[in-house]
Amino acid sequence: QTKQVMGVSIPSADHGWTGGVVYWANETKKELEKMYPNLTVIVKTAKDANEQANQIQDMYTVNKIGALVILPQESAPLTRPVANLKNKGVFTVVVDRALTDPKAQDAYVAGDNPGLGRVSGEYVGKTLGGKGNVVVLRGIATVIDNQRVDAFDKVMKEKYPNIKILDRQYANWNRDDGFKVMQDYLTRFPKIDAVWAQDDDIAVGVLKAIEQAGRKDIKFVLGGAGMKEMIKKVQDGDPLITADVTYPPNMIRDAMLLTAKSRMTNTAMPKTTIIPSVLVTKDNAAKFYFPKSPF
Amino acid sequence: MTDPSTATKTARPPLLSRLGGLGPLLGLLALMIVATLLNSDFLTVSNLSNVLTRASFIGIIAVGATFVIISGGIDLSVGSMAALIAGSMILIMNALGGGGGGVGIIAVGMLCALAIGAGAGLLQGTFIARGRIEPFIVTLGTLGIYRAVLTYLSEGGSISLNNTLSDAYSPVYYSKILGVPLPIIVFAVVALLGGLLLNRTRYGRYVQAIGSNEQVARYAAVDVNRVKVITYMIQGICVALATLLYVPRLGSASPSTGILWELEAIAAVIIGGTALKGGSGRIWGTVVGAVLLLSIENVLNLTSIISVYLNAAVQGVVIIVVAFLQRGKRS
Amino acid sequence: MTDPSTATKTARPPLLSRLGGLGPLLGLLALMIVATLLNSDFLTVSNLSNVLTRASFIGIIAVGATFVIISGGIDLSVGSMAALIAGSMILIMNALGGGGGGVGIIAVGMLCALAIGAGAGLLQGTFIARGRIEPFIVTLGTLGIYRAVLTYLSEGGSISLNNTLSDAYSPVYYSKILGVPLPIIVFAVVALLGGLLLNRTRYGRYVQAIGSNEQVARYAAVDVNRVKVITYMIQGICVALATLLYVPRLGSASPSTGILWELEAIAAVIIGGTALKGGSGRIWGTVVGAVLLLSIENVLNLTSIISVYLNAAVQGVVIIVVAFLQRGKRS
Amino acid sequence: MTAVPAVAFRTVTKTFGPVEVLHGVTFDIGGAEIHALIGENGAGKSTLMKILGGYQPPTSGQILLDGQPVTFHSSRDAETRGVVLIHQEFNLADDLSVAQNIFLGRELGGALLNDAEMNRQAADALTRLDVRLDPRVKVKELSVPQKQLVEIAKALARDARVLVMDEPTATLTNRETDVLFALIRRLRGGGVTILYISHKLDEVQALADSVTVLRDGAVVFSGPAAGKTPHDLANLMVGRELEDMFPDKGQPSGKEALHVEGLEVPGWAHDISFTLQAGEVLGFAGLVGSGRTELFEGLLGLRRHTVRQVRVAGRPTRLDSPGRAAEAGVVYLSEDRKGKGLLVEFQLRPNLTLMTLQEYARPLLDTRAEARALEQAVETYGIRTGRLDVPASALSGGNQQKLALARILEVHPDVIVLDEPTRGVDVGAKREIYLLIQALAASGKGVIVISSELTELLGLCQRLLVVREGRIVGNLTGGELTEQEVIQYATGLKAHSPALEAAPR
Ligand SMILES: Nc1ncnc2c1ncn2[C@@H]1O[C@H](COP(=O)(O)OP(=O)(O)OP(=O)(O)O)[C@@H](O)[C@H]1O
Ligand SMILES: Nc1ncnc2c1ncn2[C@@H]1O[C@H](COP(=O)(O)OP(=O)(O)OP(=O)(O)O)[C@@H](O)[C@H]1O
Ligand SMILES: O[C@@H]1[C@@H](O)[C@H](O)OC[C@H]1O
Ligand SMILES: [Mg+2]
Ligand SMILES: [Mg+2]
């Protein structure tokens, strides 16, 4: 088996979830290099789509990578740059955010964004018994965010028409924004039954705002993505955080393992691997708790 | 012409230009009226107290930024400095507390935060004043450095205060004195002290002189380098103070803490009527600017008349309009 | 000292200060040496051509920013203007192409992009020059507005060029003339024209005069407002030009396109030796500044000696060091 | 005058806010004549000329050019009618080169500028003034007198029919002044009408065909200059009989106030040693550019320098920075009022107290006490201003100078270095400053005066040091204090051994 270089290009650790991705990528690099002595893994982070496009070009030109695992900052702008590498013979595996043209990738390890929205919608609808007022705190204006919110809305419209969505504001996957937006929702809406925060970082802020206002009408807050602190709350039976929906940053690990295996053993890799978004409740929480991960 | 020797009679500047000086206040008033029309909850005590509490962070930082800008400088690093201070402070307190901890440890953490803020300011100020490097570049550089160090410390995740400490510390953000949230009181005190420092002390006078004409200040025996270094230290201390209030709110810091605060702080200063080119400015304007900025956000959250996609556009329009109301007169 | 009557010795600036003027170039050279030591592939033609191609985006924007800054202004909106132009351009081309489309449609799209850029500049320039509002505030406002409009157009997601058009357009980014990638050629042409405009035309002279002393320019009967408006239009056109190269590369626009480009562009200008306070500056310095910034990123990608968490710190240190090498002399 | 006047003012008034500074000014200026405009500081000379030059509109009244009423909306309007103004305060863009400034707003060339030609013509204009200066040098690199010369060259490069010069010689020495006068006469010969403002009344006498005197914004005399001595003119200006310009000189006490040994300011001053006694008024003479300004800027740590020893009142001291110098009791008044002297955007009060703020800090600044100090200073130094709460830029040039002087004296220094202390100051006020200088010396202080006006140095100083090319080349006292003598040293025709000041104690 000849020497192989595998490039891993991921967003820089600019908030909790991407912090988790960087952590898992670095951990897996160590793991893989031990597993395959002929394999070199290069992990690089990029602060935006433009820099990421530059970065994978550098990996090809200078580091001479044979395989690329990329979690794109954004889908659309990275489609062509990834396709270029594939055309030059690099084995490309895309994680989480699907390219706009599937031909640009050899394999896809998918996080399930619509799934996250759907599972969340189901949980909110069922727990409220099909009736009540819900506020939504969205992420950053992106395709991912749209996918999640659209799926959530669809569930509500089709299955729970009596649930009223009071408002949807962006909270940018950010704790401080979560706090502010929730404070204002509390001022504006005298009765809120549940909060869908779409992301656990946002949920951290939401909880503080509710605690400060001392409001008792809110039955639960549903975050998302499976931050360890939130999983812990679920496990401990927190009254407001009764569940979480996964969107695990360690999907980067799955992708790297699969890619390395396929490259080093010359076997095919499944075209598409979906990492489903699942509901975490008190019963199964232990399975999703990674105390060592930063997320 | 009057007899020059009896020249002490002082007419006041014309009404119009005095009104121009009140521009930001008028802007804030107009916004509050619109807000109340849109949602009557705007004027409730609890909402106003929320808005003012939030304005405290940016406001306290902006008080420091007022000094920096009047001196003819700029500090782009404040947001990431806040993140770094928050992160380091939490790590220090957690380490000292060893899972538990009390008021003593929090006091130590606070002192460390202030020391880091002052130290960072000293560093930047020294590069700028003695190293003679453009403040824009120095603080753009440290912006990257501070945030990177925090990211390194937190391994990209968040750094959270342990629960015992978090409970012990949280009153600093959440408690009230005579019904007024503590952050608002701190903000008011900082603003008052800032106003006093700027307008009633030698240091403040020197800051203005340097911003107006550095060369003249130098010839008039002002220790320009020292005054500049102190200015960046004051900025650092203000950032640390804001952080002292920030940490107990969420009990954590992460790489996204404080992102773009520099733009908000500078915007507050300039909306408040301080000119970016330095030389003169006013603290009360900055306070109004900060409250105004945070009120816009609040109003947008309280109503749904326009698409959420356009929130940033509304903010943009409002700050341009306010700035228009108080623009400088042509010389 | 020579006799004052034969005092032509004030003529040329002393060697040392001329070397100081070369600061950014020395910085770039030093960086290239370090880079080559770290990874010998740095100096390959293909790598250098990659770096230069990338530097074209920010570089072209920064050429415009050089004019704005020399005139004593600032433009914070360039990144979100780029995003808005990219988005609108794609929407227009997609609509005209109706799923397909060819060179003609691309030409129309390009013209629209240039028109939007010039129009945005006209708008900002008018607010700044005739409305007499601080450029910082106006462009902070438009930063929000442009990005919000794009978010609205894209409904929060992204806008992508259809495939046919994307293929037809891609040579604009990917093709080479005599082995030199097209973006580099465009960059070089823009820089040359910029240099000519700045140093050899009336307009350029007036930009410098206004930045140096607006009152003097007014007294010399320079139409200050008009020159300022033109300056912001040039900035807008440069942003549009950069966008023309950006779209065929990444083929889409989203609310996060171009975030923080303003800081990069301004940093390139200032590293290049143009003072933020205006009055004088140089295009070649800006070009070097842009290449330098992109080279740092490139070197970080080529090596793995430090933790990825610290990338931003390395960038910060390097720009401070380069600025130090070419700081102003104390008078 | 029977012919139509080239320029005529008709009941021109001007008010700033509530203050009227020109009250119905009416007078005529004939064609191709040199017409001097004189008056005390703040009389309204510059204001009137700015109105003529299109920089400010009159509040009421009219200006006629060749009998035709004109209204200028801008300086451009005025220039198209051939009216060009040389400003009292420099009107140059620091970051542009000399040539670029000279041609600003009227550049040569087509789409691309013809810099070579502009440099050539700028060099020509400078040569006409007998200035050797590379037109490509940036203005910010120039000294104050050089800037003044560029300002003049700038006006010369525009074809003026009416040329207004607002105190063009305030910063020039006799040599440059002579060149300028020759040029002005040549211009008159070519049909140009020249309006000439100056506080140097001997110049006025030598140059002017006719003269107008303004007092407090009104014309008190307008007529031929012939037969008017400087003394007559001075009396007209102030409206009363002026006594002798120079008060009696006092006697140095023999006590050492300042001793400097082996001062080097690289590129400017070499091996400078001298001693100033308490009670002495010591003059520094020399040509423009001889390095006097830089010598003292170096001594006070405003430039890079080395020095073997400095003693203040006999105690070895390091001055190093203006702050330390002030603490040691040594202060310096810069010749560059706008660039280094005053915060022109600031009001008078903070300008006055900038160096003495510690006296008002209790610990908060006592602004009332500051205001009292201002009232006191306005009184003491005769600063004329409509109101006290105006920015310094609203003061007339001469009054700004008085304010700058007042600031350094607030420090109550023992050693006072005055660089061009009477620049732009009217005769009356000049005399007050001279009195002040002698009073300071009499009270035991050491005073150093740097001046381009030889008469001033000779009238004031007990002793003169002559600087040439950065070295002290002459030490003149008693009978040697004559113009002849000074000029011979200054131009290198005569020289002392450099050791002359080595051991004077
Ligand atoms: N912009 C202004 N605002 C208010 N007052 C002003 C302004 N400009 C000038 N003045 C006042 O007008 C008066 C005349 O000033 P001007 O500059 O014309 O005097 P001047 O005769 O040129 O004096 P000098 O000999 O000192 O140059 C002064 O009292 C001055 O303070
Ligand atoms: N008329 C002139 N022609 C050519 N060069 C000149 C002229 N006047 C001054 N310079 C040059 O200007 C520079 C600085 O002049 P500046 O007046 O600052 O010197 P200075 O030492 O302050 O003079 P002074 O002794 O009069 O105060 C010198 O290099 C001198 O040679
Ligand atoms: O950054 C995003 C994270 O915050 C969200 O929860 O899941 C998707 C990620 O890309
Ligand atoms: Mg005057
Ligand atoms: Mg001098």
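Q: Which helix gives the largest share of the nonpolar patch in this predicted model?
A: That is α15(B), with 3 residues. Both α2 (23-38) and α15 (311-325) of chain B supply at least two residues each. The patch covers about 560 Å² and includes Leu22(B), Trp284(B) and Val321(B).

Q: What makes Val321(B) eligible for a surface patch?
A: Patch residues need over 30% relative accessible area. Val321(B), which lies in helix α15 of chain B, has 45% relative accessibility, so Val321(B) passes that cut-off.

Q: Why is Val321(B) called partly exposed?
A: The class runs between under 20% for buried and over 50% for exposed. At 45%, Val321(B) falls in between and therefore counts as partly exposed.

Q: How do you know that Thr293(D) and Glu335(D) coordinate the magnesium ion (ligand 5)?
A: A donor is an N, O or S atom within 2.8 Å of this metal. Thr293(D) offers OG1 and Glu335(D) offers OE, at 2.1 to 2.5 Å, so both residues meet the cut-off. Thr293(D) sits in helix α9 (residues 292-299) of chain D and Glu335(D) in the loop between β16 (330-333) and α11 (337-341), so the pair ties together parts that are 42 residues apart in sequence.

Q: Are these two magnesium-binding residues, Thr293(D) and Glu335(D), buried or exposed?
A: Buried means under 20% relative accessible area. Thr293(D) has 9% and Glu335(D) has 13%, so both count as buried.

Q: Why is the contact between Asp101(A) and Lys103(A) called a salt bridge?
A: The rule asks for a Lys or Arg side-chain nitrogen within 4 Å of an Asp or Glu carboxyl oxygen. Here the closest N and O atoms are 3.8 Å apart, so the pair qualifies. Lys103(A) is exposed at 64% relative accessibility, while Asp101(A) is partly exposed at 22%.

Q: What makes Arg303(D) and Glu297(D) a salt bridge, and how is each partner classed?
A: Their closest N and O atoms are 2.6 Å apart, which is within 4 Å, so the pair meets the definition. Glu297(D) is buried at 2%, whereas Arg303(D) is partly exposed at 27%.

Q: How many salt bridges does a search of the whole structure find?
A: It finds 57 over all chains. One of the pairs is Arg215(A) with Asp217(A), at 2.9 Å from N to O. Salt bridges also link Lys47(A), Glu51(A), Glu264(C) and Glu297(C) in a network.

Methods. Residues are numbered from 1 along each chain as its sequence is written. Chains are lettered from A and ligands numbered from 1 in the order in which they are written. This is a predicted model: local features need pLDDT of at least 70, side-chain atom pairs count only at pLDDT 80 or more; totals for chains, interfaces and linings use all residues. Side-chain values use heavy atoms; hydrogens and water are left out. Patches are made of residues with over 30% relative accessible area and no salt bridge: like charges are joined within 9 Å, nonpolar side chains (Val, Leu, Ile, Met, Phe, Trp, Tyr) within 5 Å. Accessible areas come from the Shrake-Rupley method with a 1.4 Å probe; for residues, only the protein chains shown count as cover. Helices (H or I, at least four residues) and strands (E, at least two) are DSSP runs, numbered from the N terminus. Buried means under 20% relative accessible area, exposed over 50%, partly exposed in between (1.4 Å probe, protein chains only). Donors are N, O and S atoms within 2.8 Å of the metal (3.2 Å for Na, K and Ca); water is not among the atoms, so sites may look incomplete.
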